[in-house]
Amino acid sequence: MTEKKSPIISFKNFSFQYRAQKKPTLKEINLDIYPGERVLIAGPSGCGKSTLAGCINGLNPFSNPGECSGELIVDGVDAPKSSIFQLSAHVGTVLQDPDGQFIGLTVGEDIAFALENSCMPQDEMHEITRHAAELVGIQDHLDYAPHELSGGQKQRVAIAGVMAMRPRCIILDEPTAMLDPNGRKEVLEAVRELNRKEKVTVILITHYMEEVIHADRVYVMDSGNVVMQGNPKEIFSQVDTLKAYGLDVPQVTLLAYELKKSGVDVPDGILTTEELVSALCQSN
């Protein structure tokens, strides 16, 4: 019998209330994320998904004061009783504004910033920096200044800076929100490669539901609660429920849904144009 993996992140009846607010933002969360998974956490603005991410990486309650109840274990660490510094060794975070994340004068300096602060020997630092840059396909831009990069390239540099610290988990909090479609595509491809090559656990926080396609598991949040969970097909088989929570549905999924309502024999949970074309060919 294959031994079941233990979760790398585990919420048990976990709630969080910001000190300045009268009600909890997160309410009785029960959620497990396993090593190497690609997990997407979706939901409308204000649903609590960024607060959830902040609890995993320690921003809540250590930078944003508040009260926790229940249990949150992150890579074996009791997160609410830990610190941002301790959790940073386990979890890296990339935010939505790439310009606000740059510290170095060049791409190489930025990726190496945390390594240099840890007084790592130069040879080792350069090797790790180049490897991190290669992971996201930015190795030919190490001497570039940040302003010379596109939005997608800047986010890839931010990801490389996180990966240089070798975390077991990376959180991307709306990383494509300020990017054009090409920038969004290249960032998501870089994240998929990280997951494939490095087996890093990926948590993507987003309201772009089309980004769900390459996830292993999806959690949908609303009003501080996890209201849906499953694999992408299971989630997108529930179009009416997603719309009721104020979430957009990819055009191809919506088209398949409308075709099925009109009597065309197509399966639920269509995620790509290729799937829809295949289903239509089989139905004829």
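The following legends accompany close-up views of a predicted model.

**View 1. The largest pocket of the predicted model and the residues that line it.**
The largest pocket encloses a volume of about 720 Å³. Its lining comprises 21 residues, and those closest to the pocket centre are Ser88, Gly92, Thr93, Gly161 and Val162. Two or more lining residues come from each of the elements α3 (84-88), β6 (91-94), α4 (107-117) and α6 (151-163). Sorted by class, the lining of the largest pocket holds 14 nonpolar, six polar and one charged residues.

**View 2. The second largest pocket and its lining.**
The space in the second largest pocket amounts to about 370 Å³. This pocket has 17 lining residues, and Leu188, Arg192, Glu210, Glu211 and His214 are nearest its centre. Elements that supply two or more residues to the lining of the second largest pocket are β3 (38-42), α7 (181-198) and β8 (201-206). Among the contributors, α7 provides the largest share, with seven residues. The class composition of this lining is nine nonpolar, one polar and seven charged residues.

**View 3. The open sheet of six strands.**
The strands are arranged in the order β6-β7-β8-β3-β9-β10, and their pairing is mixed. β6 and β10 (225-230) are the edge strands, each of which pairs on one side only. From one strand to the next, the twist averages 20°. In general, strands of a sheet pair through backbone hydrogen bonds, in either a parallel or an antiparallel sense.

**View 4. Strand β6 and its pairing with strand β7.**
Four bridges join β6 to β7 (residues 169-173), and the two strands run in the parallel sense. Glycine 92 has isoleucine 170 of β7 as its bridge partner. Gly92 is also listed among the residues closest to the centre of the largest pocket. Valine 94 belongs to β6, and valine 94 counts as buried because its relative accessibility is 0%. The C-alpha atom of valine 94 lies 19 Å from that of lysine 197, a residue 103 positions away along the chain.

**View 5. Aromatic pairs found in a search of the whole structure.**
The search yields two aromatic pairs. One of them joins phenylalanine 11 and phenylalanine 14, whose ring centres are 5.5 Å apart and whose planes meet at 70°, so the pair is classed as edge-to-face. Both phenylalanine 11 and phenylalanine 14 are buried. In the pair of phenylalanine 16 and tyrosine 18, the ring centres are separated by 4.8 Å and the planes stand at 85°; this pair is therefore edge-to-face. The angle that an edge-to-face assignment requires is over 60 degrees. Phenylalanine 16 has a relative accessible area of 0% and is therefore buried.

**View 6. Helix α1 and the residue just after it.**
Helix α1 spans residues 49-57 and is largely enclosed by the rest of the structure, because eight of its nine residues are buried. The buried residues of α1 are Lys49, Thr51, Leu52, Ala53, Gly54, Cys55, Ile56 and Asn57. For this assignment, buried means under 20% relative accessible area. Glycine 58, just after α1, adopts a positive phi of about 95°.

Key
Residues are numbered from 1 along each chain as its sequence is written. This is a predicted model: local features need pLDDT of at least 70, side-chain atom pairs count only at pLDDT 80 or more; totals for chains, interfaces and linings use all residues. Side-chain values use heavy atoms; hydrogens and water are left out. On a 1 Å grid over the protein atoms alone, a cavity is a set of points where a 1.4 Å probe fits but cannot get out, and a pocket is an open set with protein on both sides within 12 Å along at least five of seven lines; lining residues have an atom within 4 Å of a point. Grid points are joined across faces, edges and corners, and a volume is the space filled by probe spheres set on the points. Ala, Val, Leu, Ile, Met, Phe, Trp, Tyr, Cys and Pro count as nonpolar, Asp, Glu, Lys and Arg as charged, and the others, Gly among them, as polar. Rings of Phe, Tyr and Trp (its six-membered ring) pair if their centres lie within 6.5 Å; planes under 30 degrees apart count as stacked, over 60 as edge-to-face and the rest as tilted. Buried means under 20% relative accessible area, exposed over 50%, partly exposed in between (1.4 Å probe, protein chains only). Two strands pair if DSSP finds at least two bridges between them. Axes are lines fitted to C-alpha atoms, for helices over the stretch in contact, and angles run from 0 to 180 degrees between N-to-C directions.
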